[in-house]
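Have you got the sequence and the 3D view open? Let's take a walk through this structure together, one piece at a time.

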Amino acid sequence: MRVSVLTSLVVAVFLVALFAPECQAQGWQAVAAAVASKIVGLWRNEETELLGHKCRFTVKPYIKRLQLHYKGKMWCPGWTPITGEARTRSHSGVAGRTARDFVQKAFERGLISEQDAKRWLSS
């Protein structure tokens, strides 16, 4: 998500909380905390293991034509310079597509064999 969108959202929540009646101030603080938590949850930065190699995985949101989309990236430093990437509107779907792109590229370059993949999937 762009910084300008996040800044606008934070300012809007602040202004609503500022002008809310005193008796509802605690309620707006809870709403502001929930909104902030939801926004932070759009990003993912994880580490995973693939065939004995440590790999990194990130998901970042972005706005395209006023709709929320996600960009995924997977790489395994120390093993290969290959980077798997995907873009989709699905927060959960971007992870699978990104991993699939990485594995396909690794297979095409001979880093992963079909036998290695089957062994790894069964373990």
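The paragraphs below go from the overall layout to the finer details.

Before we start, keep in mind that this is a predicted model. The chain has four helices and four strands. Starting at the N terminus, these elements come in the order α-α-β-β-β-β-α-α. The chain counts 123 residues, and 23% of them are buried. You can also ask how the chain folds back on itself: among contacts between residues at least 6 apart in sequence, 33% join residues at least 24 apart.

Let's look at the strands. Strand 3, residues 67-76, pairs with strand 4 in the antiparallel sense, and seven bridges link the two. One of these links is easy to look for: glycine 72 has alanine 86 in strand 4 as its bridge partner. Strand 3 and strand 4 form a hairpin, with three residues between them. In that turn sits glycine 78, which has a positive phi of about 90°.

Now turn to strand 4 itself, which covers residues 80-88. Here is a handy rule: in a regular strand the side chains alternate between the two faces of the sheet. Which residues of strand 4 lie on its covered face, and which on its uncovered one? The covered face has Thr80, Ile82, Gly84, Ala86 and Thr88. The uncovered face has Pro81, Thr83, Glu85 and Arg87.

What packs against these strands? Helix 3 is a good place to look. Helix 3 runs over residues 93-108, a total of 16 residues. From its first C-alpha to its last it reaches 23 Å, close to the 22 Å expected at 1.5 Å a residue. The buried residues in helix 3 are Val94, Ala95, Thr98, Asp101, Phe102 and Ala106. Viewed down the helix axis, these buried residues fall within an arc of 135°, so they line one face of helix 3. A general point helps here: an α-helix has 3.6 residues a turn, so residues three or four places apart point the same way. The buried residues of helix 3 pack against strand 1 (44-50), strand 2, strand 3 and strand 4. On the face turned away from that buried side, you will find the exposed residues Arg100 and Glu108. After helix 3 comes glycine 110, with a positive phi near 80°.

Two residues of helix 3 deserve a closer look. Threonine 98 has 0% relative accessibility, so it counts as buried. Leaving aside residues up to four places away in sequence, threonine 98 touches Phe57, Gly72, Lys73, Met74, Gly84, Glu85 and Ala86. Gly72 and Ala86 may sound familiar, as they are the bridge partners we met in the hairpin.

The second residue is phenylalanine 102, which is buried with a relative accessible area of 0%. A search of the whole structure finds one aromatic pair. Tryptophan 79 and phenylalanine 102 form this pair, which is tilted, with 6.2 Å from centre to centre and 50° between the planes. Tryptophan 79 lies in the loop between strand 3 and strand 4 while phenylalanine 102 is in helix 3, so the pair ties together parts that are 23 residues apart in sequence.

There is another link to find. A disulfide is a covalent bond between the sulfur atoms of two cysteines. How many disulfides are there in this model? The count comes to one. Cysteine 55 and cysteine 76 form the disulfide, with their sulfur atoms 1.9 Å apart. Cysteine 55 belongs to strand 2 (residues 53-64) and cysteine 76 to strand 3, so the bond ties together parts that are 21 residues apart in sequence. The torsion about the S-S bond of cysteine 55 and cysteine 76 is about 95°, so the disulfide is right-handed. Both cysteine 55 and cysteine 76 are buried.

Our last stop is the backbone in two loops. Most residues other than glycine have a negative phi. Leucine 51 is not a glycine, yet it has a positive phi of about 55°. Leucine 51 sits in the loop between strand 1 and strand 2, and it is partly exposed, with a relative accessible area of 24%. Arginine 65 also has a positive phi, near 55°. Arginine 65 is in the loop between strand 2 and strand 3, and it is exposed, with a relative accessible area of 76%.

Definitions and conventions
Residues are numbered from 1 along each chain as its sequence is written. This is a predicted model: local features need pLDDT of at least 70, side-chain atom pairs count only at pLDDT 80 or more; totals for chains, interfaces and linings use all residues. Side-chain values use heavy atoms; hydrogens and water are left out. Buried means under 20% relative accessible area, exposed over 50%, partly exposed in between (1.4 Å probe, protein chains only). Two strands pair if DSSP finds at least two bridges between them. A disulfide is a pair of cysteine sulfur atoms within 2.5 Å. The expected span of a helix is 1.5 Å times one less than its number of residues. The arc is that of the directions from the helix axis to the C-beta atoms. Contact means heavy atoms within 4.5 Å. Rings of Phe, Tyr and Trp (its six-membered ring) pair if their centres lie within 6.5 Å; planes under 30 degrees apart count as stacked, over 60 as edge-to-face and the rest as tilted.
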